[in-house]
Amino acid sequence: MGFLDGLMGNATEMNLEDLKEELSEILIEGEVIEKGYKVLRDYFVFSSQRLILVDKQGVTGKKVEYHSILYKSIRHFSIETAGTFDADSELKLWIAGSSMPLTKQFAKNSSNILEVQRTLAKYLLNL
């Protein structure tokens, strides 16, 4: 189901070794990837130090934008599940120093947005 989940915008958990290899030039010494989720071509990566959002752009996905967000700078987050007429669910992150939230879309039938939310809450609450 992983391929179909990716096409539908559902978050699927990623292989940590693959992520470690792909992000080897981004990670600092001693930083450990603990969880990663893929939504279409984008990733949510939870490391021991920060949340890394990987945004693959363009037709080929070779252009990549990395958002590095310290857990302590996330002031508020919310999830919005899809209703009857909504096309998708959303995760919103309010970052210190920014008035507008960072918004990521999930497919309407994605129950995995709850898993991403649960993982985010774990890191923000230091559990």
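Okay, let's start in a loop. Val 32 sits in the stretch between α2, which covers 16–22, and β2. Keep in mind that what you have in front of you is a predicted model.

So, is Val 32 buried, exposed or partly exposed? Its relative accessibility is 44%, and because buried means under 20% and exposed means over 50%, Val 32 counts as partly exposed. Leaving out residues up to four places away in sequence, Val 32 touches Phe 46, Ser 47 and Ser 48. There's also a distance you can check on screen: Val 32 and Lys 20 are 12 residues apart in sequence, and their C-alphas are 8.2 Å apart in space.

Before we go on, a word on confidence. The protein chain averages a pLDDT of 83, and 83% of the residues score at least 70. Residues 1–9 are another story, with pLDDT below 50. In the model that stretch has 11 contacts beyond near neighbours in sequence.

Right, back to the strands. β2 and β3 run antiparallel to each other and are paired over six bridges. One place to look is Ile 33, which stands opposite Ser 47 in β3. These two strands make a hairpin with two residues between them, and in that turn Leu 40 has a positive phi of about 55°.

β3 then does it again with β4. That pairing is antiparallel too, this time over four bridges, and Phe 46 stands opposite Leu 51 in β4. Once more we have a hairpin with two residues in between.

How many of the residues in β3 are buried? Six of its six, so I'd call it mostly covered, given that buried is under 20% relative accessible area. Here's the bit of background you want for this: in a regular strand, side chains alternate between the two faces of the sheet. Now look at β3 itself. Asp 42, Phe 44 and Phe 46 point one way, Tyr 43, Val 45 and Ser 47 point the other way, and all of them are buried.

Moving on along the chain, β4 joins up with β5, residues 63–70, through eight bridges, and those two are antiparallel. If you want a pair to click on, take Leu 53, whose bridge partner in β5 is His 67. The hairpin here has five residues between the strands, and Gly 58 in the turn has a positive phi of about 80°.

Now for the inside. Which residues touch the most other members of the largest nonpolar core? They're Phe 44, Phe 46, Leu 51 and Leu 93, out of 17 residues in that core. At least two core residues come from each of β2, β3, β4, β7 and α3. The largest share is from α3, which gives four.

Let's zoom in on Phe 46. Skip its neighbours within four places in sequence, and it's in contact with a whole list of residues, including Val 32, where we started, plus Ile 33, Leu 51, Tyr 71, Val 116, Leu 120 and Tyr 123. And apart from that core there's another one, of nine residues, with Leu 19, Leu 23, Val 45 and Val 54 among them.

What about α3 itself? The helix has 13 residues and reaches 18 Å from first C-alpha to last, close to the 18 Å expected. Its buried residues are Ile 113, Val 116, Thr 119, Leu 120, Ala 121 and Tyr 123. After the helix comes Asn 126, with a positive phi near 55°.

Last stop: strand β8, residues 102–107, where you'll find Lys 104. Lys 104 has 16% relative accessibility, so with the cut-off at under 20% it counts as buried. Leaving out residues up to four places away in sequence, Lys 104 touches Asp 42, Phe 44, Leu 53, Asp 55, Ser 89, Glu 90 and Leu 91.

Thr 103 is in β8 as well, but it's partly exposed, with a relative accessible area of 34%. With the nearby sequence positions set aside, up to four places away, Thr 103 touches Glu 90, Leu 91 and Lys 92. For Thr 103 and Glu 90, the C-alphas are 6.6 Å apart, with 13 residues separating the two in sequence.

That's my tour, thanks for listening!

Methods: Residues numbered from 1 in each chain as written. Heavy atoms only, no water. Core = buried A, V, L, I, M, F, W, Y, C linked by side-chain atoms within 4.5 Å. Buried < 20%, exposed > 50% of the residue type's maximum accessible area, 1.4 Å probe, protein only. Contact = heavy atoms within 4.5 Å. pLDDT = per-residue confidence, 0-100. Pairing = 2+ DSSP bridges. Expected span 1.5 Å × (residues − 1).
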